[in-house]
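This briefing looks at empty spaces, surface and charged pairs in one protein chain. Please keep the sequence and the 3D view side by side as you read.

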Amino acid sequence: MKSLGRQIIESLIFSIILCGIVLSLQQIEMEKSLIHPQIWSIMIFSALLGIVVAAIAQWALTSFDAQSRPNIFIGLTVLRMLLSMIFIGAVLFIGLEERVLWVANFFVVYLFYLVFEIYTILSNLRAISGEGENQ
C-alpha cells in the first residue's frame, strides 16, 4: 500500500500536468475559447479535493478491516460527487458568465480526477492483495 505522502505527491504531480494541459489549451487562438476564464477555481478545488480524498482513503485503509474497503471507496466517490455538486451550485448561485462552458470545463476536470482516483484505488488494492498473498 502506498504511503500518504506518496499519494499526495502523485496527486500534486497529476494536478501540475493537468494545469499544463489547461495552460496550453488557453494559448490556442480560436473564435470561441474552449477554456473558461475561471478554470483556475475548478483546478484548485479539484486538487484540494483530490488530496483530501487521498488522506481519507489512507486513514480508512489503515483503520478499517478488509471487508469494509469497498464501501469506503464507494463512499469516497459519493463524497467527491456531493462536494462537487455543492461547489457547482455555489458558483452558479453567486453568478457567472458563460455558465455552460464553466460547467463543461468542470466536468472534464472532474472526470480526469475521477479516472486518476480509480487508478490510485486499483493500485492500492493490488498492493493490498499482494501483501495478503505474501502472508
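In this predicted model, the largest cavity has a volume of about 150 Å³, and the structure holds 3 cavities of 30 Å³ or more. Rolling a probe the size of a water molecule over the atoms shows where empty space is left. The points below take up the enclosed spaces, then the open pocket and the surface, and then the charged pairs.

**Cavities**

- The largest cavity is lined by 15 residues, and those that lie nearest its centre are Gly-50, Val-53, Ala-54, Glu-117 and Thr-120.
- Helices α1, α2, α3 and α4 each supply at least two residues of this lining, with α4 giving the most, namely 6 residues.
- By character, the lining of the largest cavity divides into 8 nonpolar, 5 polar and 2 charged residues.
- The second largest cavity holds about 40 Å³ of space, and its lining consists of Phe-45, Ser-46, Leu-49, Arg-80, Ser-84, Phe-106 and Tyr-110.
- Two or more residues of that second lining come from each of α2, α3 and α4, and the largest share, 3 residues, belongs to α2.
- The lining of the second largest cavity is made up of 4 nonpolar, 2 polar and 1 charged residues.

**The largest pocket and a nonpolar surface patch**

- The largest pocket has a volume of about 160 Å³, and α1, α2 and α4 each supply at least two residues of its lining.
- Among the residues that line this pocket are Leu-18, Ile-21, Leu-25, Leu-34, Met-43, Asn-105 and Phe-112, and the whole lining divides into 11 nonpolar, 1 polar and no charged residues.
- On the surface, Ile-9, Ile-13, Ile-17, Ile-21, Leu-25, Ile-28, Met-30 and Leu-34 form a nonpolar patch, which together has about 740 Å² of accessible area.
- Ile-21, which is found in helix α1, belongs to this patch and also lines the largest pocket; Ile-21 counts as partly exposed because its relative accessibility is 39%, a value that lies between the limits of 20% and 50%.

**Salt bridges**

- The count comes to 3 salt bridges, and each of the three pairs is described in turn below.
- Arg-6 and Glu-10 meet through their side chains at 3.2 Å, N to O, and because they are 4 residues apart in helix α1 (residues 4–26), about one helical turn separates them.
- Within this pair, Arg-6 is partly exposed at 48% relative accessibility, whereas Glu-10 is buried with a relative accessible area of 18%.
- Lys-32 forms a salt bridge with Glu-98, and the closest N and O atoms are 4.0 Å apart; this pair links distant parts of the chain, 66 residues apart, since Lys-32 lies in the loop between α1 and α2 (39–63) and Glu-98 in the loop between α3 (69–94) and α4 (99–134).
- Lys-32 counts as exposed at 58% relative accessibility, while Glu-98 is partly exposed at 42%.
- Glu-117 forms a salt bridge with Arg-80, with 2.5 Å between the closest N and O atoms; Glu-117 lies in helix α4 and Arg-80 in helix α3, so this pair ties together parts that are 37 residues apart in sequence.
- Both Glu-117 and Arg-80 are buried.

**A backbone detail**

- Most residues other than glycine have a negative phi.
- Glu-98 has a positive phi of about 55 degrees although it is not a glycine, and this residue is found in the loop between α3 and α4.

Methods:
Residues numbered from 1 in each chain as written. Predicted model: local features only at pLDDT ≥ 70, side-chain atom pairs only at ≥ 80, totals over all residues. Heavy atoms only, no water. Buried < 20%, exposed > 50% of the residue type's maximum accessible area, 1.4 Å probe, protein only. 1 Å grid on protein atoms, 1.4 Å probe; cavity = no way out; pocket = protein on both sides within 12 Å on 5 of 7 lines; lining within 4 Å. Points joined across faces, edges and corners; volume = space filled by probe spheres on them. Nonpolar A, V, L, I, M, F, W, Y, C, P; charged D, E, K, R; others polar. Patch = residues over 30% accessible without salt bridge, like charges linked within 9 Å, V, L, I, M, F, W, Y side chains within 5 Å. Areas by Shrake-Rupley, 256 points an atom, 1.4 Å probe, with all protein chains shown as cover.
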